[in-house]
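Here are a few exercises to work through with the model open in your viewer. Try each task before you read its solution.

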Amino acid sequence: MSEIVVLFDGFSVMSGTDEMKANCSCTLIKGDHNIIVDTMTAWDSDRIVDALKKQNITPEQINYVVSTHGHSDHIGNNNLFLNAKHIVGFSISFKDIYYAHPFDKGEEYTINNSVKLIPTPGHTLSDVTVLVVSKDADIVAITGDLFEKYEDIENPNIWLEAGSDDPAEQFKNRCKVAKLADWIVPGHGQKFKVTEEMRELLGRQAGDKLSERNVK
Ligand SMILES: [Zn+2]
C-alpha cells in the first residue's frame with residue numbers, strides 16, 4: 001500500500017478572452033517507491049523541492065517520474081529527478097534508454113504491488129492514469145487531464161473546451177476510470193470522491209457519445 005500526498009492542487013481559470021491561468025495537480029506517492037506525478041511548469045522547481053523537503057524526500061530519492069501526458073504544465077520539472085525512470089504518456093525512459101511497452105494495445109504497466117499505470121487516451125492520444133491502492137485500501141486515480149476538475153462531470157464542456165484529441169475515447173476512459181476508482185485527483189482541480197451517481201452519469205455520457213458515433 002502507498003501513501004498519496006497531493007503536493008499542489010491544480011487549477012485553471014480564464015483570465016482573458018484568449019488567456020487562461022492554469023497549473024496542474026502535483027502528487028507524491030510514497031511506498032515501495034517514491035513516485036512524483038505531473039511536475040507542473042518549468043517555473044515551479046523551487047516550490048516542488050520545498051514541498052518534497054516537507055515530506056523528508058530529496059529529488060534524488062524519487063524513483064519514478066510520471067507525466068500523465070506531454071503538455072508543458074505536466075513535465076516542467078522532470079529534469080529535477082535524475083535517478084528516476086521517466087514515464088511521459090506512453091513513453092518510458094531512463095537516460096537515453098527507451099523501454100517498449102504496449103500501452104497502445106491497452107496494456108497496463110505495473111510499478112509495484114500498489115501502483116500501476118493504465119492507458120487512458122482522449123485529452124491526448126497517449127495519456128496515462130496512475131492507479132494507487134492507498135493506506136485505507138481505497139483506489140485513488142491520478143488522472144491528469146482525463147478529468148479537468150470535479151465540475152466537469154456535470155458539465156463536459158469544461159474538459160472538451162480544455163482540449164481533447166479524441167472526445168469519444170475520453171468519454172469512454174472517464175467512465176472506465178470512475179468505475180475503477182474511489183477517489184480522483186484531476187489534472188486541474190482538487191481531489192474528489194467518486195459516487196455511484198457520478199459513475200451512472202459518466203456511463204450515460206459515454207453511451208450517448210458512442211451511439212452518436214455509431215449513427216455517423
Ligand atoms: Zn493540463
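**Exercise 1. Work out how β10 and β11 are connected and paired.**

Start with the link: β10 and β11 make a hairpin, with two residues between them. Helices (H or I, at least four residues) and strands (E, at least two) are DSSP runs here, numbered from the N terminus. Next, check the direction: β10 (residues 109-112) and β11 (residues 115-119) pair in the antiparallel sense, over three bridges. Two strands count as paired if DSSP finds at least two bridges between them. Finally, pick out one position: Tyr109 sits opposite Leu117 in β11.

Before you go on, a word on the ground rules. This is a predicted model, where local features need pLDDT of at least 70, side-chain atom pairs count only at pLDDT 80 or more, and totals for chains, interfaces and linings use all residues. Residues are numbered from 1 along each chain as its sequence is written, and side-chain values use heavy atoms, leaving out hydrogens and water.

**Exercise 2. Place the hairpin in its sheet and find the edges.**

Lay out the order: six strands form an open sheet, β10-β11-β12-β13-β14-β15, with mixed pairing. Now look at the ends: β10 and β15 (192-193) are the edge strands with a single partner each, so one side of each has no neighbour in the sheet. Then step inward: β12 (residues 128-133) and β13 (residues 139-144) run antiparallel and are joined by four bridges. There, Leu131 has Ala141 in β13 as its bridge partner.

**Exercise 3. Describe the surroundings of Ser91.**

Locate it: Ser91 belongs to strand β8 (residues 91-94). Is Ser91 buried or exposed? Ser91 has a relative accessible area of 31%, which means partly exposed, because buried is under 20%, exposed is over 50% and partly exposed lies in between (1.4 Å probe, protein chains only). Leaving aside residues up to four places away in sequence, Ser91 touches His86 and Tyr98; contact means heavy atoms within 4.5 Å. As for Asn113, it is 22 residues from Ser91 in sequence and 21 Å away in space, C-alpha to C-alpha.

**Exercise 4. Sum up the whole chain.**

Count the elements: five helices and 15 strands. Then try the size: a compact globule of 216 residues would have a radius of gyration near 17 Å, and the chain's 17 Å agrees. That radius is taken over C-alpha atoms, and the globule rule is 2.2 Å times the number of residues to the power 0.38. Last, burial: 50% of the 216 residues count as buried.
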